[in-house]
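Me: Please take a close look at the side-chain contacts of this model, together with the pockets. I would like one connected account in place of separate notes.

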Amino acid sequence: MSELKSRPPAKAKPDLDAFISGAEKKTSTKPAQQKTASYPWEDSGIREDVTKIYNLRLSEPYLLKLKFIAKNTPDSMQKFCLNVLQDAIDVKIEELIK
């Protein structure tokens with residue numbers, strides 16, 4: 001007969017007395033860290049070199065307009081949208097945080 005079973009092996013049951021005595025011990029609590037960043041984009045873990053993907057839904061006429069811009073300028077569709085969108089985001093953030 002095979003040693004394979006339909007269930008993973010059970011964990012050993014903890015000693016009930018050890019569990020109860022552990023509950024009686026005081027545990028030290030760490031003081032809550034104060035958040036230093038006031039906005040999510042100012043968090044210390046945010047990196048400028050990480051690029052995230054965001055899909056944008058455009059109507060067909062606007063997609064064709066965007067393709068026309070890319071065809072008639074040195075910028076790609078992505079680069080054009082990124083430049084315009086980042087500027088618009090910065091302007092809107094300035095309005096919101098005042």
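**Side-chain contacts and pockets**

Reply: Tyr39 counts as partly exposed, because its relative accessibility of 27% falls between the 20% and 50% cut-offs. Trp41 has a relative accessible area of 45% and is therefore partly exposed as well. This is a predicted model, and the values that follow are computed from it. The count of aromatic pairs comes to one. Tyr39 and Trp41 form that pair, with 4.9 Å from centre to centre and 5 degrees between the planes. The pair is classed as stacked because planes under 30 degrees apart meet that criterion.

Another ring has a charged neighbour. Lys65 lies over the face of Tyr62, at 4.4 Å from the ring centre. Both Tyr62 and Lys65 also belong to the lining of the second largest pocket, together with Tyr54, Leu56, Leu58, Leu66, Ile69, Phe80, Cys81 and Leu85. The volume of this second largest pocket is about 170 Å³. Its lining comprises nine nonpolar residues, one charged residue and no polar ones. Helix 2 and helix 3 each supply at least two of the lining residues, and helix 2 gives the most, with four.

The largest pocket encloses about 1,300 Å³ of space. It is lined by 24 residues, of which Lys52, Leu82, Leu85, Gln86 and Ile89 are the closest to its centre. Two elements give two or more residues to this lining, namely helix 2 (60–72) and helix 3 (77–97). Here helix 3 gives the most, with ten residues. By residue class, the lining of the largest pocket divides into 15 nonpolar, four polar and five charged residues. Leu85 appears in the lining of the largest pocket and also in that of the second largest.

Turning to charged pairs, a search of the whole structure finds two salt bridges. In one of them, the side chains of Asp49 and Arg47 meet with an N to O distance of 2.8 Å. Asp49 counts as exposed because its relative accessibility is 57%, and Arg47 is likewise exposed, with a relative accessible area of 51%. Glu95 forms a salt bridge with Lys92, where the closest N and O atoms are 3.6 Å apart. Glu95 and Lys92 both lie in helix 3, three residues apart, which is about one turn of the helix. Lys92 has a relative accessible area of 45% and is therefore partly exposed.

Notes:
Residues are numbered from 1 along each chain as its sequence is written. This is a predicted model: local features need pLDDT of at least 70, side-chain atom pairs count only at pLDDT 80 or more; totals for chains, interfaces and linings use all residues. Side-chain values use heavy atoms; hydrogens and water are left out. Rings of Phe, Tyr and Trp (its six-membered ring) pair if their centres lie within 6.5 Å; planes under 30 degrees apart count as stacked, over 60 as edge-to-face and the rest as tilted. Buried means under 20% relative accessible area, exposed over 50%, partly exposed in between (1.4 Å probe, protein chains only). A charge sits over a ring if NZ of Lys or CZ of Arg is within 6 Å of the ring centre and within 35 degrees of the ring normal. On a 1 Å grid over the protein atoms alone, a cavity is a set of points where a 1.4 Å probe fits but cannot get out, and a pocket is an open set with protein on both sides within 12 Å along at least five of seven lines; lining residues have an atom within 4 Å of a point. Grid points are joined across faces, edges and corners, and a volume is the space filled by probe spheres set on the points. Ala, Val, Leu, Ile, Met, Phe, Trp, Tyr, Cys and Pro count as nonpolar, Asp, Glu, Lys and Arg as charged, and the others, Gly among them, as polar. A salt bridge is a side-chain nitrogen of Lys or Arg within 4 Å of a carboxyl oxygen of Asp or Glu.
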